[in-house]
Amino acid sequence: MNYEIESRPTYSVLEVGLDPNESVVAESGAMIWMSSSIQLNTSMRGGMFKSLRRSALGGESFFQNVFEAQDAPGVVAFSPGQPGDIVAIDLSRGDVLMEDSAYLASQQDVTIDTTFQGFRGLFNEGLFILRATGSGLLFFSGYGDIEEIEVDGTYVVDNGHAVAWEPTLTYEITRGRSIRSFLFSDQLLLRFGGRGRLWVQSRNPQALANWAHPFRAIESKDSNDD
């Protein structure tokens with residue numbers, strides 16, 4: 001299998017080349033185009049219980065798509081739902097933890113499951129996050145550019161910007177010390193500790209939602225009085 005990530009970092013597209021009998025797994029709805037030699041199969045990877053847990057607790061699709069080249073080489077392309085970058089990771093270095101919407105695609109020997117992160121998750125990405133295990137390539141995405149950081153000690157990231165990290169890193173939730181944070185409690189920070197890789201996205205979807213909120217269409221109270 002070979003791959004190329006194009007149009008990065010703003011509107012990244014993952015293009016995967018497969019030899020006959022090679023396959024790649026992707027999140028439901030991620031495929032953009034594929035050659036006629038590619039066969040698509042949809043399944044509950046890992047069985048019903050694991051698929052249900054991944055869907056209900058990890059925010060991923062209940063079904064995942066498997067793309068396999070049949071009698072000839074083929075190409076299939078994927079993109080994430082949000083505009084941003086795509087990162088390729090070889091899991092030979094170990095497992096990777098991801099926030100619940102980051103997973104895009106992987107090789108067949110990679111397993112995606114949920115892991116409980118404790119009640120600190122109530123203030124971060126949720127009680128459960130995704131864990132990628134096994135061997136092979138993992139592709140995940142983020143909103144905006146993604147920077148890889150080698151943490152050795154401590155590193156602080158604004159809440160909502162952490163996309164993925166190695167399980168050798170621990171983290172705790174802290175609050176900013178500005179007057180605004182003290183009054184409104186809106187500056188949550190993640191303080192990572194240990195040694196390992198951390199991937200951070202340059203944009204925060206929640207910040208975009210907050211910015212767009214005042215411009216939303218509001219139905220007039222008199223619209224139904226005709």
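This report describes the overall make-up, the nonpolar cores and one surface patch of a predicted model.

The protein chain contains three helices and 17 strands. Of its 226 residues, 42% count as buried, and the accessible surface of the chain comes to about 12,100 Å², with 52% of that area belonging to carbon and sulfur atoms. When contacts between residues at least 6 apart in sequence are considered, 75% of them join residues that are at least 24 apart.

Inside the chain, the largest nonpolar core has 19 residues, and those with the most contacts within this core are Val96, Met98, Ile112, Leu138, Phe140 and Trp199. Several strands contribute to this core, and each strand in the table below supplies at least two of its residues.

| Strand | Residues |
|---|---|
| S8 | residues 86-90 |
| S9 | residues 96-98 |
| S11 | residues 110-116 |
| S12 | residues 128-134 |
| S13 | residues 137-141 |
| S15 | residues 162-165 |

A second core, separate from the one just described, has 17 residues, including Ala30, Phe67, Leu104 and Leu137.

Nonpolar residues also appear at the surface, where Met31, Met34 and Leu40 make a patch of about 210 Å². Of these residues, Met34 lies in strand S4, which covers residues 31-34. Is Met34 buried, partly exposed or exposed? Met34 counts as partly exposed because its relative accessibility is 32%, a value that falls between the limit of under 20% for buried residues and the limit of over 50% for exposed ones.

Terms used:
Residues numbered from 1 in each chain as written. Predicted model: local features only at pLDDT ≥ 70, side-chain atom pairs only at ≥ 80, totals over all residues. Heavy atoms only, no water. Core = buried A, V, L, I, M, F, W, Y, C linked by side-chain atoms within 4.5 Å. Buried < 20%, exposed > 50% of the residue type's maximum accessible area, 1.4 Å probe, protein only. Helix = DSSP H or I, 4+ residues; strand = E, 2+ residues; numbered from the N terminus. Patch = residues over 30% accessible without salt bridge, like charges linked within 9 Å, V, L, I, M, F, W, Y side chains within 5 Å. Areas by Shrake-Rupley, 256 points an atom, 1.4 Å probe, with all protein chains shown as cover. Salt bridge = Lys/Arg side-chain N within 4 Å of Asp/Glu carboxyl O. Contact = heavy atoms within 4.5 Å.
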